[in-house]
Amino acid sequence: MMGKREAEELGSDKSFEDLVELMRKLRGEGGCPWDKEQTHESLKPYLVEEVYEVIDAIDSHDAENLKEELGDLLFQIFFHSQMASENKEFDIRDVMKACLEKMTARHPHVFGDVRLETAEEVLKIWHKVKMEEKGEEEKSVLGSVPKHLPALQKAQKLQKKASRVGFDWEKVEDVVAKVEEELQEVKEAMALGRHEEVEEEIGDLLFAAANLSRFLKINPEEALHKAVKKFVKRFERIESELAAKGRDIEECSLEEMDSMWEAIKRE
C-alpha cells in the first residue's frame, strides 16, 4: 500500500502535475468540445468499460496492455475529480488524501499496534473499522452492497454478508440439494406454462448456483465468463471448419452441428 511519503511524492511528481493540467485544459476554454460536455452521469458507461478492459488485460497476461488500460482507468478518476473541482467540491489531491487516510485506518495491523495473523482476521477488522467510519451501525447486515454490481457478483456478496452472522449451510451436500430443488421448481413452473413463475424460479436457481460457487470458493462471475469464452471458442471452431469446406453454418442441421461440437469437446 502507498505510504504517506510516496503519496506526497506522487502529488509533486511532474507527470502527475502534467496530467492534472492536461485534464484542466481539456475541460477549459479552447479545450475539447466533447470533454467539456461530460458530466459524472454521462461518464458512467465509460468508467465501467475501462474497468472491464483492465480485467481483459489481466486475463491476457499482457503487462504492456495492462499498463495502458490502467492509465485509461486513471484518466477517468482525474476526469471526475476535475469536474468536482470546477464545482468547488473536491479535487484529485483530496481524493488521494481520503484514500490514504482510509487505507491507513483500515490496516491497524500494519500502521498500528493490532496483531493479526490470518486473512480472515484482517477481513473482520476491515468491516469493524468500516462501520466505525460510518459513525453508525448498518440497518441491515446486507447493507452497503453496490446497487449496480453484476447480478451474480451481487448475489455472492450478499450471501457472504449473511454467512458472517451464521446464516449459511453447514455442508456442501445441502447446497447441492438446494440447487437440485430449485431446478425441479423450474421444471414444475414450465409444466404450468406460466412465464412469470418460470422467470422467478430461474432466478432462484441462479441464486442457488451462485451460493454453491461461494461455498466452494469459486467466483461465479469468473466461472460464467470462462464458460462463455469456451462456448465462443468452440462455436467459432465449428464455423472455421465449415468455412474450410466451403460451407455456411446456416445451411447445417442441428444434428450435424451438435456432432461437430461433441467432437471438438472431446479434443
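How many residues apart are K178 and E181 in helix α10? The views below begin with that pair. The model shown is predicted.

**View 1. K178 and E181 pair within helix α10.** The two residues are 3 residues apart in this helix, which spans residues 172-192. That spacing separates them by about one helical turn. Their side chains form a salt bridge, with N to O at 3.3 Å. K178 is partly exposed, at 25% relative accessible area. E181 is also partly exposed, at 38%. The pair belongs to a network of salt bridges that links K178, E181 and E182.

**View 2. R237 and E241 form a salt bridge in helix α12.** Here the N to O distance is 2.8 Å. Both residues sit in the helix of residues 220-244. They are 4 residues apart, about one turn of the helix. R237 has a relative accessible area of 32%, so it counts as partly exposed. E241, at 27%, is partly exposed as well.

**View 3. R247 meets E256 in a salt bridge.** The closest N and O atoms of this pair are 2.5 Å apart. R247 is partly exposed, with 31% relative accessible area. E256 is partly exposed too, with 27%. Side chains of opposite charge can pair when their charged atoms come close. In the model as a whole, the count of salt bridges comes to 15.

**View 4. Four residues make a positive surface patch.** The patch is formed by K157, K160, R164 and K217. K157 lies in helix α9, residues 151-164. Its relative accessibility is 40%, so K157 counts as partly exposed. Patch residues must have over 30% relative accessible area, and the 40% of K157 fits that cut-off.

**View 5. The largest nonpolar core holds 9 residues.** Its members are F16, V20, M23, L43, F78, F79, M83, I92 and M96. Three helices each supply at least two residues of this core: α2 (14-27), α5 (63-86) and α6 (92-105). Another core, of 7 residues, lies apart from it. L242, I249, W261 and I264 are among the residues of that other core. In soluble globular proteins, nonpolar side chains tend to be buried together.

Methods: Residues are numbered from 1 along each chain as its sequence is written. This is a predicted model: local features need pLDDT of at least 70, side-chain atom pairs count only at pLDDT 80 or more; totals for chains, interfaces and linings use all residues. Side-chain values use heavy atoms; hydrogens and water are left out. Patches are made of residues with over 30% relative accessible area and no salt bridge: like charges are joined within 9 Å, nonpolar side chains (Val, Leu, Ile, Met, Phe, Trp, Tyr) within 5 Å. Accessible areas come from the Shrake-Rupley method with a 1.4 Å probe; for residues, only the protein chains shown count as cover. Lys and Arg count as positive and Asp and Glu as negative; His and the chain ends are not counted. The place of a charge is taken as NZ of Lys, CZ of Arg, CG of Asp or CD of Glu. Buried means under 20% relative accessible area, exposed over 50%, partly exposed in between (1.4 Å probe, protein chains only). A nonpolar core is a set of buried Ala, Val, Leu, Ile, Met, Phe, Trp, Tyr and Cys residues joined through side-chain atoms within 4.5 Å.
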